[in-house]
Amino acid sequence: MKSCFFTGYESYSYKDDPDALDYFANLVEIFVENGVTDFYSGGSLGWDKECEFALQLMKLFFSPKENPRVKIHMILPCPPEIHSQNWSEKDKSDLEARLSFADSIEIVSDKYDETCIEKRNARLVELGDICVCYFNRNDFSGSTGQTVRMAEKANKIIFNLDFLNKRNSRLTKDEILQESHSENPVE
C-alpha cells in the first residue's frame, strides 16, 4: 500500500461539510505514517480541489523530516486550458496554482472527447491502492460514481467520507489500519 487517489463531487465545498475534509487530512497522516507516499488527483473542482489544497498545506507546514515523501500527482483528462474552459476565472487561476504545486502532471488525452474522463478515472484507479471518495452510494451516475465502480471492481480499498453525514462515529487509527488490510471497504 503505497498510493492513494481521491474522487468526489465537483459541488463539494468545505463550508458545507468541513468534517469530511478534516477527516481526509487525518487519514492522510495515518497513511503517510504507514508508507503511503503518492497521492493522485483527477484535477476537478470540489472534492479534488479541496483535497489537493489539504495536501499542499501539509507539505508546506510540515518539515521534510516529518513528511518527506508526500507527492501530489495530477492526472488530467485533457490539457488544462481545455479541461477548465467552462470554469470561472478564479477556478482557472486556482487550477494553475494547483498544477504548480504538483510533483507530476499526466494528461491522458490531447483533446476533450467522450472518452477522456473515463480514461482519466481508469488511470487514477490503476495508480492508486486506496480510494478516498466523497460519494453518495445511492447515485452511481457521473464521473465519481464511475470511478468508485472501477475501484470496487479492481478491489481497491475505499474510504467514503460522505458517510460522515450519515453516522456520528469516527474510525480510530487502529480501525483505519485494519480496514486498509481487509477485503471490505469502509462505507
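Here is a quick tour of this protein chain, from its overall build down to a few single residues. Keep in mind that you are looking at a predicted model. The chain has 187 residues, and 49% of them are buried. Its secondary structure adds up to seven helices and six strands.

**Overall build**

- If you walk along the sequence, helices and strands turn up in the pattern β-α-β-α-β-α-α-β-α-β-α-β-α.
- Take the contacts between residues at least 6 apart in sequence: 77% of these join residues at least 24 apart.

**Helix α1**

- Helix α1 covers residues 18-33, which makes 16 residues.
- You can check its length yourself: at 1.5 Å a residue the helix should span 22 Å, and its end C-alpha atoms are 23 Å apart, so the two values agree.
- Plenty of α1 is tucked away from the surface, with Ala20, Leu21, Tyr23, Phe24, Leu27, Val28, Ile30, Phe31 and Val32 counted as buried.
- After α1 comes Gly35, and its phi angle is positive, near 100°.

**Phe53 on helix α2**

- Phe53 sits in helix α2, which runs over residues 47-61.
- Is Phe53 buried or exposed? The answer falls in between: its relative accessible area is 26%, so Phe53 is partly exposed.
- Setting aside neighbours within four places in sequence, Phe53 makes contact with Asp94 and Arg98.
- Phe53 and Arg98 are 45 residues apart along the chain, yet their C-alpha atoms are separated by 7.6 Å.

**The largest pocket**

- The largest pocket in the model has a volume of about 340 Å³.
- This pocket is lined by 20 residues, and the closest to its centre are Glu10, Ser44, His83, Ile117 and Arg120.
- Four elements give two or more residues each to the lining: β1 (3-8), α3 (80-83), α5 and α6 (142-153).
- Which element gives the largest share of the lining? That would be α5, with four residues.
- Sorted by class, the lining has six nonpolar, eleven polar and three charged residues.

**Asn121 on helix α5**

- Helix α5 spans residues 116-127, and Asn121 is part of it.
- Asn121 has a relative accessibility of 1%, and therefore counts as buried.
- What does Asn121 touch, once residues up to four places away in sequence are left out? Its partners are Ser143, Gln146, Thr147 and Met150.

**Two cysteines, no bond**

- You won't find a disulfide here, as the structure holds zero of them.
- Why are Cys131 and Cys133 not bonded to each other? The sulfur of Cys131 has its closest cysteine sulfur in Cys133, but the distance is 4.4 Å, which is too far for a bond.
- A disulfide needs the two sulfur atoms within 2.5 Å.
- Looking from the other side, the closest cysteine sulfur to that of Cys133 is in Cys131, again at 4.4 Å and too far for a bond.
- As for accessibility, Cys131 has a relative accessible area of 0%, so this residue is buried.
- Cys133 is also at 0% relative accessibility, and so it counts as buried.

Notes
Residues numbered from 1 in each chain as written. Predicted model: local features only at pLDDT ≥ 70, side-chain atom pairs only at ≥ 80, totals over all residues. Heavy atoms only, no water. Buried < 20%, exposed > 50% of the residue type's maximum accessible area, 1.4 Å probe, protein only. Contact = heavy atoms within 4.5 Å. 1 Å grid on protein atoms, 1.4 Å probe; cavity = no way out; pocket = protein on both sides within 12 Å on 5 of 7 lines; lining within 4 Å. Points joined across faces, edges and corners; volume = space filled by probe spheres on them. Nonpolar A, V, L, I, M, F, W, Y, C, P; charged D, E, K, R; others polar. Expected span 1.5 Å × (residues − 1).
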